[in-house]
Each structure stands twice: as structure tokens, then as C-alpha cells.
Amino acid sequence: MDVHDMFRFMFLLLITRSDYVYSFDSCVDRSACSCQYGNGSIIDLGSIGKKGNFAFPYQSGGDPGSSFQYAYNPCYPVTDTNDCSNVASCQMDKNTNARYSIADAASAKFVSVQNTVTLDYNSEDQHGSKKFLTVNLICDLGVKTPKLDVTGETVTNYYVYTLTSECCCADVCHMSEPGGLSFGSIICITFSCLVIMYLVVGVTYMTVVKKERGKEMIPNYSFWSDLPGLIKEGCTFTFGKMCGGSRDASYNDI
């Protein structure tokens with residue numbers, strides 16, 4: 001096989017294995033709010049969704065003669081009625097005020113096809129009907145206020161929305177994932193703030209009130225300078241006892 005044949009073979013392989021090519025462009029789920037591409041860039045809808053309420057209240061679909069209206073909220077589950085609880089989207093019959101779940105919030109899944117990303121959901125209403133919702137995510141850096149266009153029920157039990165926003169673009173909107181900072185992170189941040197405050201207040205007091213200079217400006221300098229030695233002695237004594245060694249004579253029984 002010469003060089004030209006090799007290049008032809010590689011080209012045909014890339015064409016026939018299109019799923020391999022597209023895998024690099026897939027936006028993989030990180031949560032119900034965000035997905036991540038192979039290069040690390042992220043689409044994050046966290047700033048669009050609301051907690052406890054629909055970001056996009058009930059509105060009519062594309063069929064003006066239909067009595068149905070639709071409400072949608074990405075990221076966070078909403079409970080509208082008993083028949084429409086923990087959902088991303090509800091369908092309402094404005095004539096009877098009945099609600100139907102068409103998108104279970106927990107079922108959210110990002111789907112990538114070439115350069116298009118959708119957010120797909122499924123659900124089962126109170127009558128046992130399976131329903132499916134596809135939300136087309138349209139990246140538009142000029143749209144600062146998110147806009148939802150409701151196509152409605154394209155075929156029986158299949159629904160389509162289009163969400164247009166700058167937040168549908170990669171690496172534009174960033175927000176902490178649901179749950180916020182972990183307990184450990186809060187402890188570390190709090191401890192760091194306390195240490196900084198201790199040093200600032202302490203140095204100021206020692207300098208202004210005590211008129212100290214040099215290393216004596218450090219609050220409780222004698223204690224901090226002795227601390228490493230005290231820790232070493234304590235560790236030596238503890239490990240000596242654990243290993244069955246002789247007790248240091250400087251430690252007396254109480």
C-alpha cells in the first residue's frame with residue numbers, strides 16, 4: 001500500500017466511522033444544568049432555571065387553535081399541582097385547568113448531533129401516557145434575556161421547545177452546580193478568613209499599642225516559635241509509648 005492508498009483508506013475510515021468523529025463534539029452530561037465538551041468547554045444553564053417556580057410561565061404553543069399552554073424550567077424541579085410535581089415542564093388545558101406532566105426534571109439528558117445540542121426529557125402523566133420533550137438549545141450571544149419558543153405537540157405525546165440564550169453557548173455562563181459549596185470548602189474558607197483577620201488585627205495591635213518592631217510584631221510570637229518543638233516532643237513521646245519504648249523522664253505521672 002503506497003502513501004496515496006493509505007490516505008484514501010484513512011479518509012474512508014473517518015467517513016464511515018462518523019460516530020467516532022462526532023464523539024469529540026459531544027456535550028456530555030455533568031448535571032441536569034450543564035454538559036461538557038471533550039475540550040473542557042461547558043454549557044451551563046444554571047443561571048436560567050429558577051428554584052421552586054417556572055422560569056418560563058405558561059404560554060401558548062404554535063397552534064393558535066389549541067387550548068393547551070406550556071410552562072418550562074431548566075435545571076430545578078417544580079411542583080405545580082399533584083398531577084404535575086417534580087417536573088421541568090407542565091402542559092395545562094386552559095379550558096379545564098387540568099395539568100399534565102410532560103418532562104420529569106430528573107430525566108434531563110443533553111444530546112449532541114453535529115453542531116446542535118438539545119436537552120431531552122421524558123415523563124408519564126397521571127393517565128399513564130408516556131410523553132417526550134425536546135428543547136433545542138440555540139446559542140446567541142446577543143440574547144441576554146433567555147427566550148423560549150414553544151412549538152407544542154408536534155406528534156402525539158412528543159413536544160418541542162426552542163430555548164435561545166447566550167447561556168446556550170459554551171463557556172459563557174457559569175454557575176455553581178445545585179448544592180453550592182461543600183461543607184469542607186466552607187470550613188476552609190472560614191478558617192482562611194479567621195487566620196487573615198488574626199494576623200491583621202494582631203500585627204496592628206502589636207505595632208500601634210505595644211510599639212513592637214521586627215518579628216515581635218507577630219501576635220503571640222513566643223508561642224508560635226515554640227510550637228514546632230512542642231509538636232515534635234509530643235509526637236516523639238506518643239510514638240515512643242506506642243512502640244513500647246522507654247518513657248521520657250520529663251513526663252511525670254499525674
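**Strand β12 and its aromatic neighbours**

Strand β10 (residues 130-139) and β12 run parallel and are joined by eight bridges. The model is predicted. This briefing follows β12, its partner strands and the tyrosine rings that meet there. Strand β12 covers residues 158-165. Seven of its eight residues are buried, so the strand is mostly covered, with buried meaning under 20% relative accessible area.

**Strand partners of β12**

- On the β10 side, Phe-132 stands opposite Tyr-158 in β12.
- Strand β11 (residues 147-155) also pairs with β12. This pairing is antiparallel and runs over seven bridges.
- Within the β11 pairing, Val-150 stands opposite Tyr-161 in β12.
- β11 and β12 form a hairpin, with two residues between the strands.
- Asn-157 sits in the turn of that hairpin and has a positive phi of about 70°.

**Aromatic pairs**

- The model holds nine aromatic pairs, counting rings whose centres lie within 6.5 Å.
- One of them joins Tyr-70 and Tyr-161. Their ring centres are 6.1 Å apart and their planes stand at 65°, so the pair is edge-to-face.
- Tyr-70 belongs to strand β5 (residues 68-72), whereas Tyr-161 belongs to β12. The pair therefore ties together parts that are 91 residues apart in sequence.
- Tyr-72 and Tyr-161 also form an edge-to-face pair. The distance is 5.8 Å centre to centre, with 70° between the planes.
- This second contact again links distant parts of the chain. Tyr-72 is in β5 and Tyr-161 is in β12, 89 residues apart.
- Ring pairs link six residues into a cluster: Phe-56, Tyr-70, Tyr-72, Tyr-121, Tyr-159 and Tyr-161.

**Burial of the three tyrosines**

- Tyr-70 has 3% relative accessibility, so this residue counts as buried.
- Tyr-161 has 0% relative accessibility and is therefore buried.
- Tyr-72 is also at 0% relative accessibility, so Tyr-72 counts as buried.

**Where to look first**

- Start at Tyr-161. Its ring pairs with Tyr-70 and with Tyr-72, and Val-150 stands opposite Tyr-161.
- Then look along the strand. In a regular strand the side chains alternate between the two faces of the sheet.
- Finish at the turn between β11 and β12, where Asn-157 lies.

Methods
Residues numbered from 1 in each chain as written. Predicted model: local features only at pLDDT ≥ 70, side-chain atom pairs only at ≥ 80, totals over all residues. Heavy atoms only, no water. Phe/Tyr/Trp six-rings, centres within 6.5 Å; stacked < 30°, edge-to-face > 60°. Helix = DSSP H or I, 4+ residues; strand = E, 2+ residues; numbered from the N terminus. Buried < 20%, exposed > 50% of the residue type's maximum accessible area, 1.4 Å probe, protein only. Pairing = 2+ DSSP bridges.
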